Amino acid sequence: MIALIRQNKLAEFKQVLKDSEELQIHEYLYEILDDRPVEIDEESFSPHGYQIEFLEGLQLYKALEKSEISADHLKQFSNLLVHLAFIMSAHVQNLAHEAMARNAYLTDLGHIYRFKVYPEIREGIQELIDLLKNRSGEKKSIANLAAAKAKVSNSIDNTLEKYQIGEDMLQFAEAFEKAGETETAIRIYQGIMNDFECESVKLSSGIIPEMTHVDDRPKAEIEVFSTARISFERLTGKKIQEPNRIHITESRETENKTTVPEMVQSHDEPMHTPEPHRPPSPPPAGLVDKIKRFFGKN
């Protein structure tokens, strides 16, 4: 099929789609090319086939984008893929919630649900996001895809680094902001700040505002927090006065310089320590809980 698209033999390609009995995505693409209206819902594809259908559709879209297909047909097909991605992510999230109710991860119960989340899914959703960024009028589609990727990432969070989930959430918030959903974006940024704050601050009662908190977060997580804070301040016009923090490596460096005066100072850039202040009121629930509420899941 890809070869026919690359050769712009779209009539032959359309016939192959019509004769295909492999995947539902082929039938829907044929109907689009045949100028028939296509609408999908949760029952349009087999849940066990969501991921394969999406990945196949993505490969076809990438080829069609460089072909002589009409702009309208291409738009209809991208809309279908966006909708499929969102349905797929909701299914993954529901299974993850069921697994959580059993005190387990979805990745541990794949044999029970007969469902495995392919690593390529996150990459595929991101690839479609990047492709649509090059096309006008796709802000809402990109926002829906960013939401879908965030759902998938939070559903398999035990297989990812925390900063990876944070980066997906930042993309989620940014996409909603660009789509005009400013209040939603603000809530997402605030959720990211709550979840990516250092544990010492989270556990602090705030009774002693001058207390210096040991910050043991990796640099990547600090960057996620900082990006969310900057965006939150920009959208709300509010300046977040942060607590005193000293990064764990900075603390160790100070200790070493005290016990071994002749030691050469590290060339690592020291972390900035904000001015003392009164900490903000206790933050709302963490990122995962916020995601559940945002998508209407208990």
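This is a chat about helices, rings and single residues in a predicted model.

Me: Let's start with α8, how long is that helix from end to end?
Reply: Helix α8 runs over residues 139-155, and its end C-alpha atoms are 24 Å apart, which agrees with the 24 Å that its 17 residues should span at 1.5 Å a residue.

Me: And how many of its residues are buried?
Reply: In α8, 14 of the 17 residues are buried, so the helix is mostly covered.

Me: What about α12, how far does that one reach?
Reply: Helix α12, made of the 18 residues 219-236, reaches 26 Å from its first C-alpha to its last, and this is close to the 26 Å expected at 1.5 Å a residue.

Me: Which residues of α12 are buried?
Reply: The buried ones include Ile222, Val224, Phe225 and Phe232, and among them are also the residues Glu221, Arg229 and Glu233.

Me: What happens just after α12?
Reply: Gly237 comes there, and this glycine takes a positive phi of about 75°.

Me: Switching topic, how do α3 and α5 pack?
Reply: Helix α3, residues 24-33, packs against α5 at an angle of about 150°, and the two axes are 9 Å apart. Angles over 145 degrees count as roughly antiparallel, and α3 and α5 are therefore roughly antiparallel to each other.

Me: Is the crossing left-handed or right-handed?
Reply: The crossing in which α3 passes α5 is right-handed.

Me: How many aromatic pairs does a search of the whole structure find?
Reply: The search finds three aromatic pairs. One of them is formed by Tyr61 and Phe77, a tilted pair with 6.5 Å centre to centre and 40° between the planes.

Me: Which parts does that pair tie together?
Reply: Tyr61 lies in helix α4 (residues 50-64) and Phe77 in helix α5 (residues 71-101), so the pair ties together parts that are 16 residues apart in sequence.

Me: Are Tyr61 and Phe77 buried or exposed?
Reply: Tyr61 is buried, and Phe77 is buried as well.

Me: Which residue lies over the face of Phe86?
Reply: Lys151 does, at 3.9 Å from the ring centre of Phe86, and in another place Lys162 lies over the face of Phe196, at 4.9 Å from the ring centre.

Me: Last one, where is Glu174?
Reply: Glu174 is in helix α9, which covers residues 162-178, and this glutamate counts as partly exposed because its relative accessibility is 36%. The C-alpha atoms of Glu174 and Ile188 are separated by 9.2 Å, while the two residues are 14 residues apart along the chain.

Key. Residues are numbered from 1 along each chain as its sequence is written. This is a predicted model: local features need pLDDT of at least 70, side-chain atom pairs count only at pLDDT 80 or more; totals for chains, interfaces and linings use all residues. Side-chain values use heavy atoms; hydrogens and water are left out. Helices (H or I, at least four residues) and strands (E, at least two) are DSSP runs, numbered from the N terminus. Buried means under 20% relative accessible area, exposed over 50%, partly exposed in between (1.4 Å probe, protein chains only). Rings of Phe, Tyr and Trp (its six-membered ring) pair if their centres lie within 6.5 Å; planes under 30 degrees apart count as stacked, over 60 as edge-to-face and the rest as tilted. A charge sits over a ring if NZ of Lys or CZ of Arg is within 6 Å of the ring centre and within 35 degrees of the ring normal. The expected span of a helix is 1.5 Å times one less than its number of residues. Axes are lines fitted to C-alpha atoms, for helices over the stretch in contact, and angles run from 0 to 180 degrees between N-to-C directions. Angles under 35 degrees count as roughly parallel, over 145 as roughly antiparallel, 65 to 115 as roughly perpendicular and the rest as oblique. A crossing is left-handed if the near helix is turned anticlockwise from the far one by less than a right angle, and right-handed if clockwise.
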